Amino acid sequence: MKRFVMLTQDACPNCERLKLMLEKPLKGQYTDQIEIVHRREQPERFEALAAQYHLHVTPAVIDLQRERTLTDTSGLGAVKGFLSQ
């Protein structure tokens, strides 16, 4: 089981920005730790996680180990800090 889950969906510019951030500046460092859950491809899992963690926006990153969420993924520092704790 991966430590993090990223909730994403179609037509979500912030989702694409986060994916690029994870790939480029962070050089895929956390890729093996993040499960991507797409709203259309895995609707039941997406909805269950969104309800469990009271999430209403995408992208959202869930730390399953600490049961914490990150919804403000616009800054590299915040994303890297959340993933490296």
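**Note on the predicted model: sheet, helices and one disulfide**

1. In the hairpin formed by β3 and β4, four residues lie between the two strands, and E67 adopts a positive phi near 55°. As this is a predicted model, that backbone value, like the others in this note, is read from computed coordinates. The two strands of the hairpin run antiparallel and are joined by three bridges, with β3 spanning residues 60–63. Within this pairing, I62 has T69 of β4 as its bridge partner, while D63 stands opposite R68 in β4.

2. The hairpin belongs to an open sheet of four strands, arranged in the order β2-β1-β3-β4 and with mixed pairing. Its edges are β2 (34–38) and β4 (68–70), each of which pairs on one side only, and from one strand to the next the twist averages 25°. In general, strands of a sheet pair through backbone hydrogen bonds, in either a parallel or an antiparallel manner.

3. Both kinds of pairing involve β1. Five bridges join β1 to β2, and these two strands run parallel; one of the pairs to inspect is L7, whose bridge partner in β2 is V37. On the β3 side, four bridges connect β1 to its antiparallel neighbour, and here M6 has V61 of β3 as its bridge partner.

4. Where do the side chains of β3 point, and are they buried or exposed? A60 and I62 point one way from the strand, V61 and D63 point the other way, and all are buried. This agrees with the general pattern, in which the side chains of a regular strand alternate between the two faces of the sheet.

5. Helix α1 (residues 13–23) lies across β1 (4–8), β2 and β3, and its direction makes an angle of about 145° with that of β1. Together, β1, α1 and β2 make a β-α-β unit that is right-handed. Helix α3 (residues 76–84) lies across β1, β2, β3 and β4, running at about 160° to β4.

6. Which residues of α1 are buried? They are C15, L18, M21 and L22. Viewed down the axis of α1, these buried residues fall within an arc of 125°, and they therefore line one face of the helix. The spacing is in keeping with the general geometry: an α-helix has 3.6 residues a turn, so residues three or four places apart point the same way. The cover over the buried residues of α1 includes β1, β2, β3 and α3.

7. The model contains one disulfide, which C12 and C15 form with their sulfur atoms 2.2 Å apart. The link of C12 and C15 is right-handed, with 75° about the S-S bond. Why do these cysteines count as buried? The cut-off is under 20% relative accessible area; C12 is counted as buried because its relative accessibility is 8%, and C15 because its value is 0%.

8. A last point concerns H38, which is found in strand β2. With a relative accessibility of 8%, H38 also counts as buried. Leaving aside residues up to four places away in sequence, H38 touches T8, Q9, D10, P43 and F46; of these contacts, T8 can be followed back to β1, which covers residues 4–8.

Note on methods: Residues are numbered from 1 along each chain as its sequence is written. This is a predicted model: local features need pLDDT of at least 70, side-chain atom pairs count only at pLDDT 80 or more; totals for chains, interfaces and linings use all residues. Side-chain values use heavy atoms; hydrogens and water are left out. A disulfide is a pair of cysteine sulfur atoms within 2.5 Å. Buried means under 20% relative accessible area, exposed over 50%, partly exposed in between (1.4 Å probe, protein chains only). Two strands pair if DSSP finds at least two bridges between them. Axes are lines fitted to C-alpha atoms, for helices over the stretch in contact, and angles run from 0 to 180 degrees between N-to-C directions. Contact means heavy atoms within 4.5 Å. A crossover is right-handed if, with the strands pointing away from the viewer, the path from the first strand over the helix to the second runs clockwise. The arc is that of the directions from the helix axis to the C-beta atoms.
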